[in-house]
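Let's take a walk through this model together, starting with one pair of helices and then stepping back to the whole chain.

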Amino acid sequence: MDTSVTCAARAPAMAAPAESRTSADNKPQRSQFNIMRPLTFGGHPACVNLLFRHAVLGLIDEKVGIVRLKFAALFIAFACTVPLSLLLRSTPGFPRLFWTVFGILPFLAATMPLFDVGLISWAGQWIGFVYGLELSLVDVLAVAALLSFGPGRIPLWCKLPLLIYIAAAALSILQAYEPLAATFGVWQFARMFLIMVVVARACLEPRTAIFIMQGMAIGMAAHLVAVLHQRFGLGLSQAHGLFIHQNTLGMAAHMVLFPHLALLLYGYRGTRWQLLTIMATLLVVVFTASRAAVGFSALGIMLLYAVLALAGMTQRKMLFALSGAVALAIIAPITISSFDKRFDAAPLTEDQYDERAAFNRAASFIVDDHPLGIGSNHYVHVAKNYGYSERAGVAPSEVNRNNIVHNAYWLAMAETGYPGLAAFCLMLIVPMVTALRTGWRERHNAEGNLLIGCGVALLIAYIHSMYEWVIFGKEVQYLLFTTMGMIFGISLRMNAIRRATRTAGTMSVPYRAQSAPATEGAW
C-alpha cells in the first residue's frame, strides 16, 4: 500500500510549523523539536549534526521521489489506454491476451510493486478495509476496454443494485467521524462498479468470459506455487499464497473452482485445462487450513453437482462422481494433516474465548447506538476508540482491537446502517438470482452451465462471508465483481438470442449444445 502521499486532512493533527506558532504577545516561537536545529551533547554541537541533516533530507527526497515515480507510472498507464483500446478494436488476437491478463492481475495485487497508486493514502494511520483513494492496473485496463466498446449499453437493472449500495455508503459519510476515510470505501465500490459494467459489456462477445477464466486459472496456478513453497519450504501451517492472509485466498478460490467445475461437468472443450485448474484450486484451499474455506468448498461442490445432475445426468457426470470418491480418499489425509499442523501450532481456544462472537457483539452494540451507520470503512476506529470492543469483551491486545468484525453483513450494517445492509444484500442477490435463473433455462448449453457455476460461486461466497469480512477487500472484490459482470454479460446475450429466436420462429440458436458434440463445447 502506498504510504508516500500525506493526506491534507491529517494536517491539523500534526505539529504546526515553527514559523506559524506565536506566543501570547504575538512573537514567533520556535517549536520544541526542529529537525534543522543543531543537536547538542552537554551544550556543545554534536559532530553528527551534518550527517543527521543529510539523512533526514535524504529520506524526504526519497519519499518525494517515490511519489513522483508512482504518479509518473499512473500517468503513463492512463496514456496507454488509448492505444490499448485501438488494439482491442483492430487486432483480432489481442482481446484474448488482454482479457487473460485482466483475469490474472487480481491474484497478483499484493505482490506487484506498482499494482495500485494511492492518490491519497492513510496507510499506517488508518485501519479499515481500504486505506486511501487508490487506482490500480485493473482499473486502467477497464478504462481502456471501456474506450474500445462500440454502441450498446448495459441495462439499468444490472447496475441499479450496486448504485443503490454506493449511494447508501455515500450517505454514511455524513455519519462518519473521519469523512475522508469513509470516502475511501465509497471510492472503492465506485471502482468496482466500473469493473462490473466493463466486464458485462465485454462478455456480450462470446469468448470473453473464457479468456477471463483462463487468466484466473493462471493466477491460481501462481498461488499454488507459492502455497507449496510456504507449506513445504517454509513449514507454514496456514499458507496464504501471494495474498496477505489465507482467508483472502480461500474466498478467492470460490470464484475459480465452481465455474471451472461446471464447464468440466458439462463437457466443454479443454478438459485437461479445467481439470488441472480444479486440482490446483483444491490443493490451495486444503493448504490454507481454513475451516470455512475447506468446508464451504466441499459444500459448493456437492451443491453444484446436485444442480447439474438435475439438469441431466450424463456419463461424464457419473464418472465425476466416481472420480470424486477416489479423489476424496486421496485428499482427505492431506487435509487432516494440514489441520493437525495448524492446531498443533495454534490450538483452538474457542471454548475459552470466541473472538468472532466478541466482534459480532461489538458490531451489534454499534448498530444499537447508530442505526444509520458510523460511516463506511469506520468499524475499527469506532469499535476500538469508543468503547464498543471493550464492552463486547474483545481481547485487549492491539492485534485483536485492530481487527475487523469477521462477518460481512455485520460490517455492512455497522458502517452503513440498516439501509446499507438492505442495499448490500440487494447488490449480492440480483446477480446470483440472474445466474441461477438464466443458467437453469439454458442448462443444455455450455454458457448456461457456466452461469450455474458462477451462481453457486456467489452463493458459497455469500455464506462464507458470514464468517469473514474479506469480501470487502479489493483482491476479492475484483474477482467478485468480475464474476458478476460475466453473469450479466452472458445472461444478456443469451436472453437476446432467445428473443431473436422466438421472433424468427426458428431454433437456429448459436451456441446450442446440440450443434456440437459435448466434447467440443458450445462456444
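## Where two helices meet

In this predicted model, A209, I212, M213 and M216 of helix α7 are in contact with L479, T482, T483, M486 and I490 of helix α18. Sorted by class, the contact of α7 with α18 has 7 nonpolar and 2 polar residues, and no charged ones. If you follow the α7 numbering, a general point about helices is handy here: an α-helix has 3.6 residues a turn, so residues three or four places apart point the same way.

## How the pair is arranged

Helix α7 covers residues 208-233 and helix α18 covers residues 474-504; their axes come within 11 Å and cross at roughly 160 degrees. Angles over 145 degrees count as roughly antiparallel, and α7 and α18 are therefore roughly antiparallel to each other. The crossing of α7 past α18 is left-handed.

## A helix under cover

Now turn to helix α12, residues 355-369. Its 15 residues reach 22 Å from the first C-alpha to the last, close to the 21 Å expected at 1.5 Å a residue.

Which residues of α12 are buried? They are A358, F359, A362, A363, S364, I366 and V367. The cover over these buried residues of α12 includes α13 (379-385), α14 (388-392), α15 (398-401) and α16 (408-441).

## The whole chain

Stepping back, the protein chain has 18 helices and 4 strands. Of its 523 residues, 51% count as buried. Among contacts between residues at least 6 apart in sequence, 77% join residues at least 24 apart.

Conventions:
Residues numbered from 1 in each chain as written. Predicted model: local features only at pLDDT ≥ 70, side-chain atom pairs only at ≥ 80, totals over all residues. Heavy atoms only, no water. Axes fitted to C-alpha atoms, helices over the stretch in contact; angles between N-to-C directions. Parallel < 35°, antiparallel > 145°, perpendicular 65-115°, else oblique. Left-handed = near helix turned anticlockwise from the far one by under 90°. Contact = heavy atoms within 4.5 Å. Nonpolar A, V, L, I, M, F, W, Y, C, P; charged D, E, K, R; others polar. Expected span 1.5 Å × (residues − 1). Buried < 20%, exposed > 50% of the residue type's maximum accessible area, 1.4 Å probe, protein only.
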